[in-house]
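Subject: Structure handover

Dear colleague,

I am passing on the structure we discussed, with my notes on what was found in it. Please read the notes with the structure open.

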Amino acid sequence: MAPGLASTAALLLAAILGSLCLVALSEDEELENLRFVRRAQDAPLVSRYNYIVIGGGTSGCPLAATLSEHSRVLLLERGGLPYRNMSNQQHFTDALADTSPASPAQRFISEDGVVNARARVLGGGSCLNAGFYTRASNDYVRAAGWDARLVNSSYRWVERALVFRPDVPPWQAALRDALLEAGVTPDNGFTFDHVTGTKIGGTIFDSSGQRHTAADFLRHARPGGLTVLLYATVSRILFRQQEGAPYPVAYGVVFADPLGVQHRVYLKDGGKNEVILSAGTLGSPQLLMLSGVGPQAHLEAHGIQVLVDQPMVGQGVADNPMNSVFIPSPVPVALSLVQVVGITRSGSFIEGVSGSEFGIPVSDGARRLQRTPEALQRAAEAMRRLDRRAFRGGFILEKILGPVSSGHIELRSTDPRANPVVTFNYFQEKEDLDRCVHGIETIERVIQSQAFSNFTYANASVESIFTDSANFPVNLLPRHANDSRTPEQYCKDTVMTIWHYHGGCQVGAVVDDDYRVFGVQRLRVIDSSTFKYSPGTNPQATVMMLGRYMGVKIQAERWRN
């Protein structure tokens, strides 16, 4: 769909949080350098591997690289390389503004009316996010039942490969000091750890502004141990009844190349070989359902033969709601993505992004969205007020812990390329709304702080700043006619995504503690769809860690007997 007024406005902030990497090489040249990477149409019609990993994203890449150390691994990615026609953080709008069928960011709109995107590129969400790197809390690790020593070594493996300490510009430094002045203490300095207070985290952008992604892990794969196929769209996992096996056994997958040719990949003989889903929060439950594992009535409604009636597939899907406030600045502000975070005791996380290259014109097509004339006039006036200041300033963002509210994923069709129907139920639970309100109140104190005063207009009230931000349409939800909004209403009216959605194949509901899918054999799910809550303030560090962690564990299981 063409960007509408809401999605265009959402892109204004989304642009700050998303970017892709730039390498001055064509895809053909890059493929020459990566001999283990091929296009799907160049693959044989039939092949065999020890492990088939579906999804070359934030977890799939480190998982496949690790498994390749002692096995033959096939990694199937539905998108292309993260190095073509993409840019560093100075040109961050490219991916999310691209709505073409081949875009690395496949846009979808949840049933809640929030514009969102899912990755369609080798490296997954690490190619699209704001680059912030921070670990999960110790409590999160304990609750997950993970081996703390292996977790720490897996995080360190990730950090050696692609994590950097950011250079903190004045706007981010002021945000840090303002958070401390607002009571988000103590000052934890630079750390990867998730601890209460204010800190500077890591980044996957290097000192030149170049993005590093999960695809970088593949360069550490064993030569001859890994094959990566691009533009490979998996349509289903193959199962069979095997003598002596109590459940259906996964033995391969079917995928289509861009020409529509169907390919089959089988597991080699041997009970330790496996299919592993790492297709993400939307992709993994979607592929389970397309393969006959899911809620019986829903699968039958789509004409899918039911292999395992598993009503929890697609359930417990959640997205951490994010709200933002644009703070116009009287002085020029350098571009910066997320570097500083305030971890409050009330369960909200405060971050910020800044820069002066925010201007995105609203097209005539965008203005044709179904809105009342009054709402359009209010939005246009808010844009004009911001435009007079050239969008100079930054956004302060608030995201909540958890969340407690959750929804579900359902199939829209049997086309594996189509987005499923997604409902997140933002703020359905009062606990989430209370946390958002606490976050908004913290942002108000930040704006009013002495530490942030150089980056705010002296005559701009907090009320006017929030009113302008509220009038800027960032979703497809109905707008309210009055300017008098409570913090609760602000949270609901201005809710956006920060792309931290998760669930749908949760541990204990769909997979066991070793990420094996209940009711079948030789199939695991290893990605963010297994999470009940989002880890830390930003999940990418833990999703990468999980890929490495489980790769090491699976290898150990393979050679134990």
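Helices and strands here are DSSP runs, at least four residues of H or I for a helix and at least two of E for a strand, numbered from the N terminus. The model is a predicted one.

With those names, Tyr515 falls in the loop between β25 (496–497) and β26. The phi of Tyr515 is near 70°, a positive value in a residue other than glycine. Tyr515 is buried, its relative accessible area being 3%. Phe427 also has a positive phi without being a glycine, at about 60°. The loop that holds Phe427 runs between β24 and α12. Phe427 has a relative accessible area of 9% and is therefore buried, the limit being under 20%.

Cis peptides

Thr185 and Pro186 are joined by a cis peptide bond with omega about 5°. Pro186 sits in the loop between α7 and β8 (187–190). The bond from Gly402 to Pro403 is cis as well, and its omega is near -5°. Pro403 belongs to the loop between β22 and β23.

Sheets

One open sheet has six strands in the order β1-β11-β4-β3-β15-β26, with parallel pairing. Its edges are β1 (37–39) and β26 (523–525); each has a single partner strand, so one side of each is left without a neighbour in the sheet. From one strand to the next, the twist averages 20°. Within this sheet, β3 (residues 51–54) and β4 (residues 73–76) run parallel and are joined by four bridges. Ile54 is placed opposite Leu76 of β4.

A second open sheet consists of three strands, ordered β18-β23-β24, and the pairing is antiparallel. β18 (315–317) and β24 (421–423) are the edge strands, each pairing on one side only. On average, neighbouring strands of this sheet are turned by 35° against each other, direction ignored. Two bridges pair β18 with β23 (residues 407–410) in the antiparallel sense. Gln315 stands opposite His408 in β23, and Val317 opposite Gly407 in that strand. On the other side, β23 and β24 run antiparallel and are joined by three bridges. The bridge partner of His408 in β24 is Thr423, so His408 has a partner in β18 as well as in β24.Helix α12

How does the length of α12 compare with what its residues should span? At 1.5 Å a residue, the 18 residues of α12 (residues 430–447) should span 26 Å, and the end C-alpha atoms are 26 Å apart, which agrees. The buried residues of α12 include Asp432, Leu433, Arg435, Cys436, Val437 and Gly439. Ile440, Thr442, Ile443, Val446 and Ile447 are also among them. An α-helix has 3.6 residues a turn, so residues three or four places apart point the same way. The buried residues of α12 pack against three helices and three strands: α7 (170–181), α13 (462–471) and α14 (487–493), together with β19 (321–328), β21 (348–355) and β22 (393–400).

Cysteines

A search of the whole structure finds one disulfide. Cys436 and Cys491 form this link, with an S to S distance of 2.1 Å. The link is left-handed, with -100° about the S-S bond. Distant parts of the chain are linked by this pair, with Cys436 in helix α12 and Cys491 in helix α14, 55 residues apart. Cys436 and Cys491 are both buried. Two other cysteines, Cys127 and Cys505, each have a relative accessibility of 0% and count as buried.

Aromatic residues

The search of the whole structure finds 14 aromatic pairs. In one of them, Tyr251 and Tyr266 are stacked, 5.8 Å centre to centre and with 5° between the planes. This pair links distant parts of the chain: Tyr251 is in strand β13 (residues 249–256) and Tyr266 in strand β14 (residues 262–267), 15 residues apart. Are these two tyrosines, Tyr251 and Tyr266, buried or exposed? Tyr251 counts as buried at 19% relative accessibility, and Tyr266 counts as buried at 16%. Elsewhere, one aromatic cluster is formed by Phe108, Phe424, Tyr426 and Tyr501.

Regards

Note on methods: Residues are numbered from 1 along each chain as its sequence is written. This is a predicted model: local features need pLDDT of at least 70, side-chain atom pairs count only at pLDDT 80 or more; totals for chains, interfaces and linings use all residues. Side-chain values use heavy atoms; hydrogens and water are left out. The expected span of a helix is 1.5 Å times one less than its number of residues. Buried means under 20% relative accessible area, exposed over 50%, partly exposed in between (1.4 Å probe, protein chains only). Contact means heavy atoms within 4.5 Å. Two strands pair if DSSP finds at least two bridges between them. Axes are lines fitted to C-alpha atoms, for helices over the stretch in contact, and angles run from 0 to 180 degrees between N-to-C directions. A disulfide is a pair of cysteine sulfur atoms within 2.5 Å. Rings of Phe, Tyr and Trp (its six-membered ring) pair if their centres lie within 6.5 Å; planes under 30 degrees apart count as stacked, over 60 as edge-to-face and the rest as tilted.
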